Amino acid sequence: MTYAAITGWGKCMPPAVLSNADLSTFLDTGDEWITSRTGMKERRISHVSATEMAVVAARRALACAGVDAADVELIVYGSCSADEQVPNSASGVQAALGATKAASMDVNTACTSFLYSLSTATALIRTGVVKTALVIGVEIISPFMDWDNRNVAVLFGDGCAAVVVQASDKEEGVLGEQLGCLADARQTLRVRGMGTAYTNRNVMSGDTEWDFDGQEIFKRAVQGMVQASQAVMKKCGVTPDQIDLVVPHQANLRIIEAVVSRSGVPMDKVMLTVERYGNMSAATVPVALAEALEEGRMKPGALVLLPAFGAGLTVCAHLVRWGDRVTPLGLSAAELPPLKKTALELVQEIRSHKARAQSAAGLRSARLIETV
Ligand code: UT7
């Protein structure tokens with residue numbers, strides 16, 4: 001039997017930190033509300049493209065696994081923030097790495113994109129199609145954030161991490177997963193103003209407005225992640241007391257607390273990054289996984305539960321058996337270019353660019369366009 005072990009990991013976090021106090025300089029919000037409702041204190045704002053972050057994270061993950069880019073046969077790029085619609089972003093990472101033997105694909109299931117990408121790579125390894133894959137979870141939400149909408153602007157941040165997955169004859173990597181989509185609730189989270197639905201409709205591409213029903217998403221996310229976690233544990237014959245570490249999607253501390261308590265796992269087994277990074281969509285799970293390894297929280301042979309949800313509403317839970325190695329084989333010198341601006345300056349540039357473009361073009365609101 002062939003398994004798909006995770007043998008390398010690496011993250012790339014943009015250096016610019018946007019605090020709750022920064023947000024309250026242009027929004028009617030404050031640290032007390034954000035901290036008590038979400039558990040978030042800070043998030044990162046990227047000064048580079050998603051692909052640039054992905055290339056740095058990928059180089060770090062490859063060095064960690066001791067794998068040459070030339071030996072990668074598959075790149076799966078999990079994200080809802082592609083640099084361009086065509087060509088895909090995975091091919092940009094492939095070109096930058098010189099991974100000439102690889103097949104490259106993008107997977108977009110919003111915040112669950114990394115885990116759906118991990119399922120894709122695992123399945124292609126376990127069926128013998130490829131032996132070595134790079135799986136990326138990356139998001140750069142700041143360019144399409146609805147920065148004047150306090151319901152969403154305080155919740156999200158940018159970030160990236162990648163893992164290397166390799167064929168193994170040991171029972172390692174994804175042991176099982178439960179995937180699903182609560183499509184009847186897809187209207188609860190929609191980013192308007194990007195995509196072909198808005199072409200030729202007098203809407204500026206990228207002038208985004210968000211539909212967001214936080215309370216409904218909260219409820220459905222908790223139910224969905226608990227059901228998926230219970231289903232995958234049952235499928236794999238595992239009980240909650242056997243779980244060593246939970247690495248959940250980090251959308252809200254209260255959502256995480258509700259999911260783990262209903263799944264029967266204590267909070268001290270949960271890896272948390274939500275306070276420092278907010279919700280980085282597809283990047284939250286792999287960044288938390290990389291930090292669990294950096295902080296020595298991943299033990300050799302650990303059984304890890306990874307529950308997540310995202311727009312769609314996609315839901316999933318994966319069970320991963322970690323291998324013997326919890327330290328990197330090598331380190332990469334790859335770094336992002338330096339930055340002279342603050343996160344608040346980067347956000348203000350995005351806001352003023354949109355305001356100028358809107359008033360120059362006399363555009364209509366994306367919210368007025370009919371969608372399914
Ligand atoms: O990964 C997928 C995306 N993530 C999610 O979808 C997150 C899911 N939802 C949530 O995490 C929570 O529902 C929120 C954090 C979004 C909101 O928390 P809540 O406890 O459900 O708050 P609420 O929606 O009940 O809002 C309570 C009040 C409202 O004021 P009124 O109507 O009671 O006067 C909001 O207008 O809080 C107000 N509010 C804010 N106040 C200060 C909403 N956003 C803010 C804000 N600052 N940023």
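Helix H2 (31-38), helix H6 (150-153), helix H7 (214-235) and helix H8 (253-263) each contribute at least two residues to the shell around the ligand, and H7 gives the most, with four. Helices here are DSSP runs (H or I, at least four residues), and strands are E runs of at least two, numbered from the N terminus. This is a predicted model, where local features need pLDDT of at least 70, side-chain atom pairs count only at pLDDT 80 or more, and totals for chains, interfaces and linings use all residues. Residues are numbered from 1 along each chain as its sequence is written, and side-chain values use heavy atoms, with hydrogens and water left out.

Let's step up to the ligand. It is surrounded by 24 residues, each with a heavy atom within 4 Å of it. The closest are Thr 29, Gln 215, His 249, Asn 252 and Asn 279. By class, twelve residues of the shell are nonpolar, eight polar and four charged.

Now for the polar contacts (pairs of N or O atoms within 3.5 Å). Thr 29 places a polar side-chain atom 2.6 Å from a ligand nitrogen atom. On the oxygen side, a polar side-chain atom of Gln 215 lies 2.4 Å from an oxygen atom of the ligand, and one of Asn 252 lies 2.7 Å from an oxygen atom of the ligand. Taken alone the ligand exposes 970 Å², and the protein buries 75% of that; these areas come from the Shrake-Rupley method with a 1.4 Å probe.

Definitions and conventions:
Polar contact = N/O pair within 3.5 Å; in protein donor to acceptor, adjacent residues only side chain to side chain. Nonpolar A, V, L, I, M, F, W, Y, C, P; charged D, E, K, R; others polar.
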